Each structure stands twice: as C-alpha cells, then as structure tokens.
Amino acid sequence: MSSIAIAPRAVTAAASLAASPAVPAFFEVRSIGLAFGGVQAVRDVSFTIEPGEVLAIIGPNGAGKTSVLNLITRVFDPTMGSIHFDGRDITRVARHDVVRHGIARTFQNIELFDGATVLENLLLGRHRAGHGSLLAQMLNLPSVRRAEAQTRARVENVVRLLDLAPLRHRPVGELPYGIRKVVELGRALAAEPRLLLLDEPASGLNPEETRQLAGWIDDIRAELGITVVMVEHDMSLVSSVATRAIVMDQGRVLTIGTPAEVQSDPRVITAYLGT
Amino acid sequence: MAYETDYDQARRLLRTPAQRGAYGALALVLAALPFVLPAFYVGELSFVFIMCVASLGLMTLTGFTGQVSLGQAAFVAIGAYVHTLLLASGWPLPLSLAGAAVASALAGLAIGVPAIRVSGLHLAMVTLAFSIITEHALGRWKGVTGGHNGLAVPEPTLFGFGLGGTVPFYFLCLAVLTAVLLVLLNLMRSATGRAFVGLRDSEAAAQALGIRVARAKILAFGLSAAICGIAGALLSHYTQYITPETFGLALSLQLVLMVFIGGLGSLRGAILGAILIALLPSFISLLKPMLPARLGSQLGLELFIYGGVLTFFVLLEPTGLNGRWMRLRKWLAQYPLVTASASHRNKVYMQSERNR
Amino acid sequence: MTTLLSVRDVETWYGPVRALHGVGLEVHAGQIVTVLGANGAGKTTLLNTIAGVVSPHKGSIRLDGEEIGGLDADAVCRSGVVLVPEGRQVFPFLSVSENLAMGAFARRSDPAVRRDVDQIYEWFPRLQERHRQPAGQLSGGEQQMLAIGRAYMAKPRLLLLDEPSLGLSPLFTKEVFAIVRRIREQAGIAVLVVEQNASIALNTADHGYVLELGRVAASASCEALRQRADIKDFYLGASSPPTSPRRLA
Amino acid sequence: MMDPLLTQAAQLAAQGMASGAIYGLVALGLVLGYKATEVMNFAHGDVVMLSAFVAWGLITRAGMSFWLALPCVMALVAVLCWALEAGVMRRIVGQPQFAGIMLTIGIGFMIRGAVSMSFGPESRTYATPWTDRSTEVAGVVLSSLSLVIVGAALAVTLLLYVFLRHTALGIAVHASAQNQLAAYLCGVRVKRLNSLVWALSGAIAALCGLLLAPISLVDLSLWTVMLKALAALVLGGFGSAPGAIAGGLVIGLVEQFAGVYLADGFKDVMAYLVLIGALVLRPRGLFGDAHGRRV
Amino acid sequence: AGVSDKEIVLGTHLDLSGPVAVAMPFIRNGIQMRIDEANDAGGIHGRKLRLVIEDNASQPPQAVRAVDKLLRKDEIFAMLCPFGSGPCVATAKKVADAGVVTFGPYAASALVRQAAGTTPLLFTTNLHYDSTTSAAVRWAVEHLGSRRVGIVYQEGAFGDLVTRGVKAALAARNLPLVAEASYKVGDIDLSSQVSRMQAAKADLIVTATTTRETIAVAAEVKKLGLAGVNVLTASPGRAGLTVALGKQAVEGMYGCGTWGITLPRHATGALKSFYDSYRKRFGSEPDDISVAFYDYASWFVQELTRAGRDVTTDKLVKALQTSSFKGLASYDTQRFVDNHIGPEWTRVEQVVEGVWVPRSPVLDPSKGVS
Ligand SMILES: Nc1ncnc2c1ncn2[C@@H]1O[C@H](COP(=O)(O)OP(=O)(O)OP(=O)(O)O)[C@@H](O)[C@H]1O
Ligand SMILES: Nc1ncnc2c1ncn2[C@@H]1O[C@H](COP(=O)(O)OP(=O)(O)OP(=O)(O)O)[C@@H](O)[C@H]1O
Ligand SMILES: [Mg+2]
Ligand SMILES: [Mg+2]
C-alpha cells in the first residue's frame, strides 16, 4: 500500500504498540482496509482502545467512519487487516456472533424493528442471553418463564436509565426521530455489551438533548463499565465525553489524540471543522 | 424475588378476569356446539378448524418472519400423504400425526435452506415452483401415492375408538387446533417469536443483536411446514380420499388469503381469516337462491363474488380482520364516552421493499 | 416586503394524534426563516404539511396569496415550494446524476439544467466524484448533500429544509448554510429551515420561530431570539452544566 | 439436406423461441406494472384473457377487421387498466407488497367471473391474417403467427427498454418505485404516472391476448399462461425488460428440449426446476441488479 | 330420505367456478331440461323432482363439503350425474355410506368404482376412457394399419386411464407404445409433444386431450406436414366443439366417443325437437354433451318411475339393475353389466368436411380387452 509512506505519526505509534504481542490490547484494529469496486472506503486503518475509554471517530462525510463500524460488526469483510477483541481475533466471526463477543452497536440511519413496540425492541436487544430451547419455549416451561422474567427485569433497568417508561408500549414507527435514536441506544445497551459502537448518536438531537445524551454516555462508561466508540459530528459532545478522538479522512486515519488536541490540529480544521 | 412474578404475570395469556371469563365461555360453547348443531354444520366447523391450523402454519412464516410462501399446499400435501401411508401401514394415530409433522418439517427445511437466499417475490416464486413440482411428483410416483387415482384414507382411531364420526372428528380437530395455537402463543411471546418479528423488520439490526437470521428463517420454514403437515393429516380424514389435485395452487392461494385478510402478524388474524375464507363458498351458495334466477344461474357468479369479497376486504381492511377486531374492542371499551372521532386519514406513500 | 408564504392556523393530525395545534407563520420573499423546537415539537410535521406530504386538517397555507394547503406534494412542488425531507429520501438505485436530473423533472425542457448541475458539483465536489454511483450507497452526509442538491435543481421560489445539518460534518454544515445564503442572494430563493443546530441557524436566518408541542411559542427576529435567555439555555447550549444523569437502579 | 438430428434440434429451438416469446411478452406487461408500483399484478393473466374475449367480440360479433380490432382492443384494455389503477390499486399504496398480490388476485377472479357471465364460458376462436400459414426455412417449419409473436415481443422489449432507460419519464418510473415520497417532492405526478404505466401494461396484455388467442383459443383458462410468465419474470430478474424476454426464451427452450430429450413428465416441471436452480445459484435472476441496502 | 309427499330431492355437484366451468352449462341444462319436462308432465307418481346443484370447483375438499351439504342439509334421495373425476372419487364413498344412490357420475368410472368400494348404490354410465379408447386403437391397428402408436395425454387421472387403455390394446397385438408425452392443463403449446411423436416416428398419435389441446395437436401435425400420421382422440376431444373451433386443423382426425354427435342442422325427429326446445328454454345453442346428459337424466327418470309410488332406495336399485335404455344419442341399447356398470358402446369416427362421420361399426369395448 503506497499509503504507508505518508501515514501520519499517530498511526505508526499505534501500529508499533500493536506489534508488541506481550500486552494484548482490549480492542485493536490492525491496518484494515475496505474497497467497493473502485471506491477505497477504508485504507489501512489501525487503532487500539483501552477499557473504559470513550473513543470518538470524527472526519468529513464519506471519510469511512461508518465503514469502520461496519467492518468491526462484520457487515463487510475487510479486504485487508484484522480486528482483535480481548485477545481474540474476531476478523472472521459470523455477523450474529459479534454481539456474543460483547460488541453492540447502533446505526446511523436507525434500524429499529418498526412493527414492534419500544419494549419488544429492547427485549430483542437481549436476544443473545439465554432463552431456553425451542421445545421449552413452545411449552412455556418454568425455566423459560424464569428467563423471560429476568430478561424483562434487566430491560427495565435500561428503560429506567433512558427514561423510556411512558413509551414502553408505543410502536417505534410513530416516534419522533430523536426518541427513536434513544430507543436504539437502549436496545444496544440491553445486549449488555462490553464495547458499544454508536454511529452519530447525537444527530437530530438539540443541544439540550445532546447534553442529556452526554450524561448517559458518561454513565454507561463509568457505572456500567462499557467502553464506547462513537462516530460523531457534534464537537460539543465529543469534547465533553470522549477520552480520545480519531480523525479520518479519505478512508485514512489523519490523526489520533485528545479531543482538544485534534481540534486544534490545522489539518483537522481545514478538512473537517472549518474556520 | 418479587419482580419475577410481576413480569411473569405481564406475560400471561389471559391477564384479566374478564378475559378468562370470555375465553372460558368460548370453550364451553365450542364443547357444546356439536350436540346442538345439525351434523352438516358440525362437519363444516371441523373443516374450518383444519383450515385454521393450516392458516396458523402459514402465519408463522409469512405473518411473523415476513416470508411469503405461495406453495404452502405442498406441505399440506406431504402431511396428508405421509399420514395416510403411515396409518395404512399400521401406525397409531398420534404417532402418524407426528410423523406427518416431521415429514413436512423436513420438506420445509429442505426448501428453506435454498429459499432463504432469496426473499420477497423471488421467494414467493420459489415456493410456488416447489408446490407445482410436489403436486406433479405426487401424481407421478404411482407406486407409493397411487398417482392421480389417489389413496383411500383409513378411518382415524384412537385406542380402539373410531374418530371418523362427525362429532368425534370435530373434537379431534378442535383439540389439535387448540394445541397448535397454544404452542404458537408460547413461542410468539418468547425469544424465538421476537426474533421472527425482528428479522422481518430489519435483518441488519437482527444480526447485530445476535439473531441467526438464516437459522431463524429456516426454523420458521420448518415450523410452518410442520403445522401445515398436521393440517394436511386432518384434511385427509376430512376428504377420506386424497388425490394430488386436492393440494394445488388453489389451496395455497386460499391459505395466503386467510393470513392476509386475517391480518398479518397476528394469530387471531390467522383464525379469523381462516373462518372467513373457509366459509365463503358455503356462504355464496346460501346467497345464490336469493338472487334473481337469471343472475343466480349465471356461470362465473361464484368466482365474481369471491373476487369481490377479497377485493373488498383488502381495500377496506388494510389491517385485516384482526385490526377491525382491535378497533371494535377499543370502541366497546370506551363505548359511552366515544365522541365522533376526530381521526383523520393521512396520505400514505409506497415504500419500496426491494432493498429489504 | 411581500409575503411569499403565509401559514395560518394550521392543524395537522396523525390518526387520532394532533401534531400541530393551529400554527401560523410567514415567510417573505427572499427571506431566510428558521424554526426551532424540541424533539417531537412538530417541526417536521409543519414542513411536511406545507409541502403537501401530509394534509392539514384545518387552516390555510398560501403561496403568493394562492391556497396550496391540501394539494398533493407534486402540485406543491410545481408551484415552487420544494422540500428537503427528513431522512434524505434519495432514490437509492438511481445514480447521483440521475437523482439530480429527477430534481429538475418539473422543468425538463429548461436548458439551464446543465448549468445547475455543474453548480451543484461545484458546491459538493464529493457528489461529482460519485456521480455514477447509486445514491443508496453514499454515506449519510453524502446523501444529505444530494438531497439538498436535488431540491435546488427544481429552482424553487421557496426551499424547505428539514434539518439540513443532520449527519454533516461541522465544515459542511457551515458550507451548507453559506450556500443557503448564496442561494438567497443569487437566485432570490426564500428558505424555511428547521434546524437543531440553533446557533448557526440563528446566525444565518432573518427571522425565527420556536415550536413547542405543536404551537408557536415565540416568533421574533433572529437577533432578538439570540438574546433571549431561555433560547440560549435550551437551544444554544451555552451555559448550564450537563443535566444530572439518572443513575442505574 | 441437413442431418435429421440437427434439423430436429433447429426445429425445437425455433418452437422454443416461439413459445418463449409468448411467456416473455406476458412477462413484459408484468415487469412494467411492477416497475412503477411494485405490485405483482396477478390479474395480468386475466387481462390477457379478457382482451382475447373482447377481440373475439369485435372481430366475430361486430365484424371488425383484425387490423382495426387490434388498436381498439389495446385502447379499450388500456383504459380499463388505467381505471383499475386509478380506482382500486391506488388505495392500497403504502401497504406491504403482499396486499397488491391479494388485491390483484381478487380482481383477477372478478374479471374471470365477469367474462364468464357476460360472454359465456365457451371456448371460441377467430381468424388473424396469419392463421393457418406457416413458413419453412431450411427444413424448420414455423407458423407465421409465431413469427409475428416473436417479432412483437422483440419490438415491445426494445421500446420498453428505450422508454425506461433513456427518457425522463422512464427514469421517473424507476424513481417513483424506489421512493414514492421523493418522487412527489420532485414534482412527478406520481398518480398519473402510475395509471399511465398500468395502461401501457394493459395495452401489452391486450396485444398478447390478441395474438395468443388464435393459438390457444379464446378461453377462460388463458390466464394460466401467467404462471409461466411469472417464472420467466423471476428468472430474468424482476423489473428488467430484456430480462423478462430472456427468461421467457430460456423457459421456452428448456421446455421444448426437455419435452423431446428427457423422460416423459419432466417437461411439465422443467420450467420450475430451472427456476429454483437458477435462483439458488443466482438469487437476483439473470438480469437483476445486485445491490443490497447499506446500513 | 329426500322423498316426501310432494317432492323427491335430487342432488348433484358440478364445477361451477373451477377450471372446467366452461362445460357445465351444457350438462346442467341437459339434466335440468329433462327434470323440468318430468315435472311439467305432472311429476313422478305425483311427486315433483327438485334438483339441488352445488359447486365443487373441481377441487376435492370443496366437493366433500358440497356433498356433505347435499346429504345432511338437503337430505337428497339420489345423486344424479355429479361432475369431475377428482370430486367424484373423493366423495363416492361418502355418498354410498350415507345410503344414497349415485347415478351416472361424469367421471372416470373405473376410479369412482375403486374409491367407492363394493356398494350396490353406485351406477356408472360413462367415461370408461380406458376401454373405449382401447377398442378404438384395436380398430385402428386393424383398419388403418397403425404400427407405431404414441400418446399425448393430459397429466392426471384421465390421461392415465387412456394410457392404460392404449397399452392394453397394443399389448394384445404385441405392439410397443413408441412414445408418451404429457402436458399440464393450461399449457399453451403442444409442439414439443408432437415433436416427441415425430422423433419416435409414430404413425398413430392417440390424444387424451380436451378441446383446445386436441386442436393444438392436430394443427401441429398439419404444420409439420407429417404425412401418413393419423391422430385419434379420446372422448372429450371428440366433440362437436372441437370441429367447430378447429376447422381446417382437425380435418381428417379420428375420434372415439360414447354417444353419437349430430349437428343441429342434421337433426331430425326427437333430436330435432330436443334442440328446438333447448334453444327456446335456454336461449343458447346446445351441444352433444347436453344431449348426452339429457339422455342420462331420462334414463334415471325412467327407472325412478318404474320403481313405483312407494319408492325407496332399494326399489330404485332393483329397478336400475334390470333397466335398459336407448336415448337420443345412444349408439345402442344400454344395460348395466354386473348390474352396475354401464358399458359404453363406442364407434370410431372421422372429421370429414367439418362433420364427425362413422368409420367403424359400433364396437363393444368389453369384448377383446382382458
Ligand atoms: N456499499 C457501498 N458501495 C459503494 N460505495 C460505498 C458503499 N458503502 C460506502 N461507500 C462509500 O464509501 C465511502 C465511506 O462511506 P462511510 O459511510 O463509511 O462514510 P462516513 O465516514 O460514515 O460518512 P458520513 O459522515 O457522511 O456518514 C463513501 O464515499 C461511500 O460513498
Ligand atoms: N406517522 C406518525 N404517526 C403518528 N404520530 C406521528 C407520526 N409522525 C409524527 N408523529 C407525532 O407527531 C409529533 C410531532 O412530530 P415531528 O416529527 O413533527 O417532530 P419534530 O419536531 O420534527 O421532531 P424531531 O426533532 O425529532 O425531528 C410527535 O409527537 C410524533 O410522535
Ligand atoms: Mg456515516
Ligand atoms: Mg423532525
């Protein structure tokens, strides 16, 4: 890849860190790439995440941010590179197994189950938790009833956290955009992940709501101990919750640093923030 | 753990005393009916029950996972033939019913595995093709199926009791229907049922949540086929003689009509739809003597009315009979208080299903 | 100044739910007007009602004195009011350039169409790079650009924008609003924009409305709105610390 | 003198194309309706059947010449389909695809019932300029009517292809199917466009009916040609005009050769076996476009 | 049941809305006309006949329900000429078990018999496709010199039966069946089936086809210019309608059926008055099927009368067992062999200038097949 030569400092640093196998990182992406026919959406991206971090991915439109999330959750096969989580290589696991490894996500364009209610959406979030054999479910055996009650109890925690109680039985299709975003966040949380991927969680929210979201993300990190990766364009949110930010441009990593650092980087200003 | 019982209660099928009362009364009525109704109507009811079972089978597939099958008659056929053959070779009724379910389920899995690669109308066509092929094969495999000459169906017996009579057969059908309904109700309020609905609405999200989309789809196929197979077994007793053309395109279409007119995604809808569609021909034949003789003897009238009723229901009841039922119940619940509802019909726009 | 759009006492229902309770609003020719409001306040509903996507239950919507309330969306479009809807709504399997061509559908025979396409590619070079790609494959922000470009292709008298900054990078958000200003200056197109990013909206627009629960809660020049403490608090996100987060049980 | 085996193969190929063209032509009408409204019109076969009856009425009862009856039937049926779209189909917009299937099945039954009530259910026939004529080329005999059908199918395909790919209105058809709301917002008169497309599809069905009836009689069961057409349509990949014709030809040829070279009984299901096989190998069909949805 | 002071209730089920609905008016009108005539003449021993007609849509399950209704709700005395092999096969036993006589089902009688089991209540009069076709093929082998026989047949019970008959005839003469080709109802094109015959060098193509397919096969043979190849169609294809619609294409084709076809313009005597009164009553043109079913209804009415005023099922059965009948279109006097099976006289006919003309004497299918 010709891009190696012009790879920015931070990337090389991350790469060298990754090269030492002695301390496997909590989560690590090793020079992944993705091409759609002629379009090189992601080129040689590497980074690591430590537990308890909130990592923001920012960058111009079409930089490949969503694609990186899609690669991590196995929507696409990377054309190169590998992804490691908790010392395990998850580059080739099946798509539905990603959540079993402890990674949950939200989608940029909201992918809710529109025909179902808020509560059912959240319950589906916990699908990966045990639910008894098919036969047991058919006969509604006590084991299934216990599991279901417990699922419900866990989901109620999320309902409480995100203030969704009055909406429990509303079909999600008719909720306003902002609330749908929150429900989707709740559904991801219900999966009880260790790593949470959020794609533009604040888009469509007003500043007040964004502040609330920031509070939730803080909670998720601090109280639930969930590590967060979020793609976001709202710099106020990034500044207030992210511990580090990766800036992408044209499929590459432009720089990595604290939110304050990257926001003052002149390259980031020209390519992304504007003056 | 106090909350457990709470949440368990919330999952109950019958939550209020009123509901328990209503369904209890329904059970009593159903139990009493065969003793008060003339034999003809008891026979009709048995047929309706059989169709309800088949309709529930298709609803599992189409209503919940959103996969359209235009070939459900094939599974009904496989159930009917396997059941008849097993009975003829001396299997007892319960085992042979199970055998029919298993055979149909296997067929469902067999077609489900390739079929999940396609969706929407493609899937509808694959299943249609499958059922045409099945019907053809049944007609050709003379050594086993008797070909187009058909097979006589042995009378159903249980522990030496003949169940072929009108009333015993009524109870057999009712029992099977109740069992199938309960199993599906249980399934639909558990994880698997939710997964079905999930993959219908967004496969991407379903996968991200750990639902094995392919497996769930195949499972739905198998389950739906098994239930239809059971319906086929009962149907074989109803007709007493089975030939391949019993299970043609017309039956598949009827089943599809049942689930659609009943209301997709609801078990109650499957039942309501089955009742309507199964009784429609009888209803039309009752209606005919009331028409002027000139019109009543016109050929094609049946077809015309049948089509008209379908059109009517699709146009006026987009949410199906189940939707109408829900609105009715709501209206009844608020009855003295309802004012002229200010509800307003909104414009709707077509949503492409091509990129599901 | 002549009144271009005048909305009076509009009520809109979704089935049994009333989303707008008698909203009134005016846009003058060549004016940029913004509408602010919390989630679910009815902003999208308002724009959709004006554009004919949903029909009002009551009230009047006049464009240049002519009633357009209750018309179908295509008729509203041909009368010169074009909406960039929430959720972008591109044609997923048409290429970027075909999408733009569809924008100019109502003015098919106009030779200036070609020039306008070039203009859009100049504003959004990204779209030019991708002009043969099916629009459904574009990234979220790219689709937003395309939706704005497509609306511009119709050469409207009044452009309705529903959260144009949604999913756009800060740089592009600024550019889009710069473009909005340019559109007004060069082509005299009036703009009614709904926006969550209140600070940029208030900086761009001439007049602002605040919607709350389907009613107009405030209407003033943007200057005046920017000064108001409650607006600052709620929409500009200037001061106040993060609201105390709820704790897990 | 050609090798008899070769002659036979050529004869079969010619016959396969002839019947394939019929499937394709019926499928073309379906493609068109599907393109605009994403409705799989199950009444299409019945419209074909109705056209045949109307043509019989005009030619045999009213004594019109075939050439006069042709445009008359096409216009009449087009108007009928326009009315169907405007009066009935429009009301289910926004409902799942399934609703369209159900509704058109209902309409199909009504058409069949109405035809049988008004014309009576007996079979009948009428003469065309090509009846009882055939052409022989190098030992291959083909009836003139079949040649006309092949020609008509190719011509209609070409016209449709140009219309859908290269005219603004054609692009608008695609657009409004993909996102109807957006099409409205672009100023497309979507309702009128849909009706127009249905009318066109009706005209094609009428052409089919007119040409097909002399081969297979004016008969209530004419609608069953729809089943093979559906298979052709799916095989070709939904929503592609050339695909529909290609699918039709493939099915026609497969059937023809299977009828002679495979054991008796395979011919009847060959179309469906090929369909399943093809879809399993290539889920989008021969000409279907293969883009999924991005998240 | 079904017999009261004033009336006798009869029932039948026809395909009023299914694939063969086309043919039903002819059948229904033929039967109804005879019943009306009997009623106009004062009924049978003072009782009026009432015929209840149900729709079976050619679908077995629907037929079962129709029969249930006839037996349980209308409580019919006898089932008169119900239509369709599938529907009759599915319901024959039900009717017999209910102690109700079935007379003259329009269905493959061998199959109905097999389905009904041993019952004295079933009287079959027509559609022995196997035996009639068999007799005709034997005749063709002898008189047309056919040596290489092939068959084009409709997928289903009817086609299977004809095939069985053809095979039996050929086996008796030690000839092979050179080719078989099936088609499905609704196929528009039969060229590949004919090509298969051509490839096998068949000189006699037997067709187990209905109107449309019969014409299609004949037309294909003409188009390909197959010289020296005869086409022989089994009974449903050998119909007046086939000639009326097929015109040139069917000229020269052979056929065998179980009743005579007389064009209305050639009709004389009783047949002519039948045609006239049919036209007057129904305002439409009858065809040969109407005559045939008028005949069967006549036969039934004749025996019902013979069974006497105090008619019971037993008495009716006795009367039928000893009956003999010759109708307007009968080739010869008909009786029940083994008391229950009406053998069908048959005759090979050929289309000459648009008219079916006899080519063979009346053949007795029961002779020579074993
Ligand atoms: N399925 C696909 N086929 C072709 N190109 C694609 C596909 N998916 C994404 N792309 C292209 O890849 C590039 C990166 O897209 P991606 O969605 O990752 O951007 P992004 O950084 O998330 O942008 P945004 O901030 O606008 O959401 C875009 O230019 C897009 O057009
Ligand atoms: N299709 C619908 N069916 C029922 N209710 C709806 C529908 N669309 C919107 N609503 C309701 O109407 C109200 C106004 O919604 P609207 O989408 O206009 O809000 P908004 O101000 O645009 O919010 P956001 O900032 O989230 O986009 C909300 O309460 C919403 O729940
Ligand atoms: Mg993105
Ligand atoms: Mg909005």
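This passage describes the chain contacts, the magnesium sites and the salt bridges of a predicted model.

Among the eight pairs of chains in contact, chains B and D share the most contacts. Not every pair of chains meets, however, and chain E provides two examples of separation. Chain A and chain E are not joined by any contact, and their closest C-alpha atoms lie 31 Å apart. Chain C and chain E likewise have no contact between them, with their closest C-alpha atoms 37 Å apart.

Chain E does touch chain D, and this interface can be described in some detail. The contact draws 31 residues from chain E and 38 residues from chain D. The size of an interface is often given as the accessible area that is lost when the parts come together. Between chain E and chain D the buried area is about 2600 Å², and carbon and sulfur atoms give 54% of this area. On the side of chain E, the residues that lose the most area to chain D are Ile188(E), Arg212(E) and Lys223(E), which together account for 27% of what that side buries.

Polar and charged groups also take part in the interface of chain E and chain D, across which 13 residue pairs are found in polar contact, both residues of each pair being at pLDDT 80 or more. The side of chain E that touches chain D receives at least two residues from each of several elements of chain E, namely α1 (24–40), β7 (177–183), α7 (191–199), α8 (211–224) and α9 (240–246). The residues on this side of chain E comprise 13 that are nonpolar, eight that are polar and 10 that are charged. Two salt bridges are counted between chain E and chain D. In one salt bridge Asp187(E) is paired with Lys267(D), and the closest N and O atoms are 3.7 Å apart. Asp187(E) and Lys267(D) also belong to a network of salt bridges, in which they are linked with Lys228(D) and Glu255(D).

Two of the magnesium ions may be considered next, beginning with the one bound by chain A. The magnesium ion written as ligand 3 is coordinated by OG1 of Thr66(A) and OE1 of Gln108(A), at 1.9 to 2.1 Å. These two residues link distant parts of the chain, since Thr66(A) lies in helix α2 (residues 65–72) of chain A, whereas Gln108(A) lies in the loop between β6 (103–105) and α3 (118–125) of chain A, 42 residues apart. Thr66(A) has a relative accessible area of 8% and is therefore buried, the cut-off for this class being under 20%. Gln108(A), at 6% relative accessibility, also counts as buried.

In chain C, the magnesium ion written as ligand 4 has as its protein donors OG1 of Thr44(C) and OE of Glu86(C), which lie 1.8 to 2.1 Å from the ion. Here too the pair links distant parts of the chain, with Thr44(C) in helix α1 (residues 43–51) of chain C and Glu86(C) in the loop between β6 (81–84) and α3 (96–103) of chain C, 42 residues apart. Thr44(C) counts as buried at 17% relative accessibility, whereas Glu86(C), at 26% relative accessibility, counts as partly exposed.

Over all chains, the count comes to 62 salt bridges. One of them lies within chain A, where Arg168(A) forms a salt bridge with Glu156(A) and the closest N and O atoms are 2.8 Å apart. Because Arg168(A) lies in the loop between α5 (142–161) and α6 (177–190) of chain A and Glu156(A) lies in helix α5 of chain A, the pair ties together parts that are 12 residues apart in sequence. Arg168(A) counts as partly exposed at 23% relative accessibility, while Glu156(A), at 3% relative accessibility, counts as buried.

Within chain C, the side chains of Glu11(C) and Arg18(C) meet in a salt bridge with an N to O distance of 3.1 Å. Glu11(C) is buried, its relative accessible area being 10%, whereas Arg18(C) counts as partly exposed at 34% relative accessibility.

A further salt bridge brings together the side chains of Asp72(C) and Lys191(D), at 2.9 Å from N to O. Asp72(C) lies in the loop between β5 (66–67) and α2 (73–78) of chain C and Lys191(D) lies in helix α8 (residues 190–216) of chain D, so this pair joins two chains. Asp72(C) counts as partly exposed at 23% relative accessibility, and Lys191(D) counts as partly exposed at 32%.

Conventions. Residues numbered from 1 in each chain as written. Chains lettered and ligands numbered in written order. Predicted model: local features only at pLDDT ≥ 70, side-chain atom pairs only at ≥ 80, totals over all residues. Heavy atoms only, no water. Donors = N, O, S within 2.8 Å, 3.2 Å for Na, K, Ca; no water. Helix = DSSP H or I, 4+ residues; strand = E, 2+ residues; numbered from the N terminus. Buried < 20%, exposed > 50% of the residue type's maximum accessible area, 1.4 Å probe, protein only. Contact = heavy atoms within 4.5 Å. Buried area = accessible area lost by both parts, 1.4 Å probe. Salt bridge = Lys/Arg side-chain N within 4 Å of Asp/Glu carboxyl O. Polar contact = N/O pair within 3.5 Å; in protein donor to acceptor, adjacent residues only side chain to side chain. Nonpolar A, V, L, I, M, F, W, Y, C, P; charged D, E, K, R; others polar.
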